[in-house]
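This briefing covers the overall build of a protein chain, the surroundings of its ligand, and one arginine in a loop. Please keep the sequence and the model at hand while reading.

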Amino acid sequence: MDKIVALCKRRGLIFPASEIYGGIANTYDYGHYGVLLKRNVVDAWWDAMLQERDDVVALDSAIIQHPKTWESSGHLAGFTDPLVDCKTCKKRFRADHLAEARENPDSQPEIRCGRKPSQLPGDTPDCDLTEPREFNLMFETAIGPVQGGGTRVFLRPETAQGIFLDFKTVLTFARRRPPFGIAQVGKSFRNEITPGNFIFRTLEFEQMEMEFFVPPDQAADWYEHWKQARFDWYVKLGLRPDHLRLRDHDEDELSHYSSGTADVEYLFPIGWSELEGIANRGNFDLTAHGNGSGKAIEVVDPELGRYVPHVIEPAAGVGRSMLAFLADAYDEEELGTAEKSDIRTVLRLHPKLAPVKAAILPLVKKDGQPELAAEVQSLLKARMQTEYDEGGSIGKRYRRQDEIGTPWCITIDHESLEDRTVTVRDRDSLQQERIPIDQLADELSLRLARPWVSPKVAG
Ligand code: ATP
């Protein structure tokens, strides 16, 4: 993890926020390459949800919703109740529920240790419980300029609730009937008690969530469909399959409304941890908001009649996926000799995710090479993210690009001026080949579209 954090800082991908003031609890800023990588991850998710299917529509709902939203969803419960946190499994329990569970474990099936779901919190030496204290997961603010006045509102702790609130509106405008999904990407905020581990767990983070609404008798099949589809998405984007697994939650880990939850887990440097959750949420959410608002949220179907759809939810984190892609891609390769070590640090990212696809590098800053390099860059610009670099030795420039995961370095040399060919250096194989300038854009576009397997898997 330390090496990834150092690389991200060195190359300006991700670095602590408010650093000039000493930073602020687990909050990070994304620099140029971090923004590009993040955009590619989110784009790949949108492609999988929208472009590659025709049963999901997009939504962008507000961060601050009506405060009743969080009463109905259950997020406000525990707001005034003292809570006990476990610093080990990171689960939070209502102190009164925990006390009841101690007296009668069967009365509180939800109160279980996050690491050993069959045991009560505090029953294993691993548990590290805090004293009971009032604590709210949600960040609170107020609408209105008067200090201490106004309406108390919350920053959303997940994007999903906005989707449930808008379900009926989307149903009408999108002219859909279940099975269909509503997808959203956006910031969420959680006043996490135990933030840490770089961007794995932060106070503000971006989520990619999709709520898939189905007739109740189709829920089990769609749940299986989405578990597999989401697992496959990570494999397709190059994560090593032996570092990924689907873990079904045990009965006693499930929320009371969930009839099935599975996590896509990745073998992070901190160990196997959740990358994404896929939950079969039943009709809990739509029923809760129907009751809360006094307006039933139902679908009228010519065959099935009137019913409340069930929901399958794949919920992923953008930052957490980025961390998995970075961890999986990070590699160090010895290129030196027995006498003199020379270690190349390289991010073996899927070319689709790589912040920059092609770096344009004139060998020297004279003899017309920069001008030809500019021409080459303008040919590629319309198709992919490029970067021009003429500073420093060619070796140093290659290494800079390796560290940000650029799959192809295009070198312009004296021969290029004579025969209009360039050298394309492959990040992973280090092979170099000459390609005519006029064919370069098509050739790199083809390579970008090809299925890709990490060289770490390929051998
Ligand atoms: P965890 O158990 O790790 O706290 P969770 O089960 O509470 O996660 P969900 O509410 O299911 O998470 O959110 C879906 C996804 O959002 C998670 O799989 C994760 O990728 C991401 N996520 C949740 N909380 C955070 C956070 N504090 N920082 C970064 N990403 C987060």
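The points below go from the whole chain to the ligand and then to a single residue.

The model is predicted. It shows a chain of 459 residues, of which buried residues make up 51%. A ligand is present, with 15 residues surrounding it.

**Whole chain**

- The secondary structure of the chain consists of 14 helices and 23 strands.
- Taken along the principal axes, the box filled by the C-alpha atoms is roughly 80 × 55 × 50 Å.
- Among contacts in the chain with a separation of 6 or more, 64% are between residues 24 or more positions apart.
- The chain has an accessible surface of about 21700 Å². Carbon and sulfur atoms account for 50% of that surface.
- The chain carries 57 positive and 74 negative charges, and the mean positions of these two sets are 3 Å apart.

**Ligand shell**

- Of the 15 residues around the ligand, the closest are Arg190, Glu192, Arg201, Thr202 and Glu274.
- Three strands each supply at least two residues of the shell: β10 (204-214), β13 (271-282) and β16 (310-317).
- The largest share of the shell comes from β13, with 4 residues.

**Polar contacts of the ligand**

- In the side chain of Glu274, an N or O atom is 2.6 Å from an oxygen atom of the ligand.
- For Arg201, the distance from a side-chain N or O atom to an oxygen atom of the ligand is 2.7 Å.
- Gly317 takes part through its backbone: one of its polar backbone atoms is 3.0 Å from an oxygen atom of the ligand.
- On its own the ligand has 580 Å² of accessible area, and the protein covers 80% of this.

**Arg240**

- Where in the chain is Arg240 found? The residue is in the loop between α7 (219-236) and β11 (244-248).
- Is Arg240 buried or exposed? Its relative accessible area is 14%. Buried means under 20%, so Arg240 counts as buried.
- Which residues is Arg240 in contact with, leaving aside its neighbours within four places in sequence? They are Tyr266, Ala327, Asp328, Lys456 and Val457.
- Arg240 and Val185 are 55 residues apart along the chain, and 25 Å separates their C-alpha atoms.

Key: Residues numbered from 1 in each chain as written. Predicted model: local features only at pLDDT ≥ 70, side-chain atom pairs only at ≥ 80, totals over all residues. Heavy atoms only, no water. Buried < 20%, exposed > 50% of the residue type's maximum accessible area, 1.4 Å probe, protein only. Contact = heavy atoms within 4.5 Å. Areas by Shrake-Rupley, 256 points an atom, 1.4 Å probe, with all protein chains shown as cover. Lys, Arg positive; Asp, Glu negative; His and termini not counted. Charge placed at Lys NZ, Arg CZ, Asp CG, Glu CD. Near = heavy atom within 4 Å. Polar contact = N/O pair within 3.5 Å; in protein donor to acceptor, adjacent residues only side chain to side chain.
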